[in-house]
Amino acid sequence: MKHRSDIEIARSAKIKNIEEIAKTAGIDEKHLEKYGNYKAKISFGLLSDNAHKPDGRMILVTAINPTPAGEGKTTTTVGLSDALARLGRKTVVALREPSLGPVFGVKGGAAGGGYAQVIPMEDINLHFTGDFHAIGAANNLLAAMLDNHIFQGNELGIDNRKIVFKRCVDMNDRQLRNVIDGLGGRVNGVPREDGFNITVASEVMAAFCLSKDLEDLKQRMSKMIVAYTRDDKPVTAGMLKAEGAMAALLKDALKPNLVQTLEGTPALIHGGPFANIAHGCNSVIATRTALKLGDYVVTEGGFGADLGAEKFLDIKCRLANLAPSAVVIVATVRALKHHGGAAKADLCRENLDALEKGIPNLLRHVDNITNVFGLPCVVAVNRFPDDTEAELKLVEDKCRKLGVNVALSEVWARGGEGGEALAKEVIRLCDEKNNFAYCYELDGTIEDKLNAIVKKIYRGSHAELTAAAKKQAAQLEALGFGGLPICMAKTQYSFSDNQSLLGAPEGFTVMVRSLSVSAGAGFIVAMTGDIMTMPGLPKTPSAEKIDVDKNGNITGLF
């Protein structure tokens, strides 16, 4: 029997009007701003109206280091929220918005899959409510005001060679990584080297997602450093008088978006910074709103726990004063076999030897969550039909030795019903003792914090800074930014900065090639390996399979 595609499943679902979903979530109609029948934004007033209410319990879903075999983290997140709702718990799921780059590239959308999806998936994966367009417009307004200031006489004394702010577009377009603009004579600007980021990697996106309200957003915009003067003094968006106009462009985008899962569980989808470059979590406003609406809130961090979860805990939770009640680590048998050296073509065959060699990747993430961060966790094995009982038992036995239970997740095939065992374990964990702690404290030097992440989370020997990075660290500390948390820009495929080093390597060094401050977001970005802030399309992009018929029905999205 042929499996139905994600878009076919989503289109056949009985979707409820957004007013009904709002009622389920306990959202007063006065706080609902509808975008058609199935999407809405929630006004800022809801948070102030519900300030007296206690927060619900927050469950963070993370995963092993991703592989080409796939792990299904978002699918598990959605399915778990449906399972909790089936067990009678008032539940809200809080997710990131998908970026058009991966949708048209190779990774696909970010709306879950199978029978554990958020809908309307076509809207969510494409323009949605226009938030990313607004973020791109605010970013590019600032870029335009920066270049205009230089063109109009450069009163601030900006050094053209020390401009650190880039334009952005929400598309994978390698051609724009490095450009020369301002050509064509004096009336067309001042020629200089420039470049583009993908929108989700922009500092505007990161600051947007960490803002607690509109006033905080404006303050964060004003602090963003766009360039340095000839004597190395920072120039900010506030000095260019850009923050007010930027905030005006973002005032509606900052309101969280309400949609639903296939089973009618309320879903807040808002913001979406990349986890291998930025902090990889949905917005603070959406998370706070969800915690006032649900007794249980299920959210996720991007990529594996070494990136998304570490940044969720060390950056987002620290800056927003949040703490998870439990953590779910998603793994698949086939992905673990890939970490153990099995070829992609052989992942469907039983291979206990490769599985045993790959399981340490999972166990290290488990150990980090339970012992470094002090949080209770469960391993969710996203089950595939070709997983054998012997393979599943091996994963379970290894995890039990660390005192962590394993729950099979079959939400892709069965929706919330297939996640009830996982949901019951999550409910149990939420009542357990919680010793949440950060990986590092803020009072150390930049290098101290880098080494804490490399040693405690990655299990490498140390962070090695290039000469340029050492100079940048000294400059950032001299400018007063030494007390900020660290946002590691690192490959998602490995604990190390070498994407081919799979499993659970030890003793490696992580090369930090550059350091920069995202003063508006409130963290220092450490660039490692060959991480890029503008991806490229693959040889056969997903865009080639996407089409629309004469009635406006989209095909090819997954």
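Here are some questions and answers on a predicted model.

Q: What is the radius of gyration of the protein chain, and why does it count as being as compact as a globular protein of that length?
A: Start with the yardstick: the globule rule gives 24 Å for 558 residues. The chain comes out close to that, so it is as compact as a globular protein of that length. Its C-alpha trace spans about 70 × 55 × 50 Å along the principal axes. The radius of gyration itself is 23 Å.

Q: What percentage of the residues of the protein chain count as buried?
A: Buried here takes a relative accessible area under 20%. The chain exposes about 21900 Å², with carbon and sulfur atoms supplying 51% of that. Out of 558 residues, the share that counts as buried is 58%.

Q: Which strands are the edge strands of the open sheet with the order E20-E22-E23-E21?
A: The sheet is made of four strands with mixed pairing. An edge strand here pairs on one side only. That picks out strand E20 (462-465) and strand E21 (486-489).

Q: Which residue in E23 stands opposite Leu 515?
A: Strand E22 covers residues 509-518 and strand E23 covers residues 523-528. The two run antiparallel, and six bridges join them. Opposite Leu 515, in E23, you'll find Ala 526.

Q: What angle does the direction of helix H12 make with that of E21?
A: H12 takes in residues 305-320 and packs on the sheet. The helix touches both E21 and E23. Against the direction of E21, that of H12 makes about 165°.

Note on methods. Residues are numbered from 1 along each chain as its sequence is written. This is a predicted model: local features need pLDDT of at least 70, side-chain atom pairs count only at pLDDT 80 or more; totals for chains, interfaces and linings use all residues. Side-chain values use heavy atoms; hydrogens and water are left out. Two strands pair if DSSP finds at least two bridges between them. Contact means heavy atoms within 4.5 Å. Axes are lines fitted to C-alpha atoms, for helices over the stretch in contact, and angles run from 0 to 180 degrees between N-to-C directions. The radius of gyration is taken over C-alpha atoms; the globule rule is 2.2 Å times the number of residues to the power 0.38. Buried means under 20% relative accessible area, exposed over 50%, partly exposed in between (1.4 Å probe, protein chains only). Accessible areas come from the Shrake-Rupley method with a 1.4 Å probe; for residues, only the protein chains shown count as cover.
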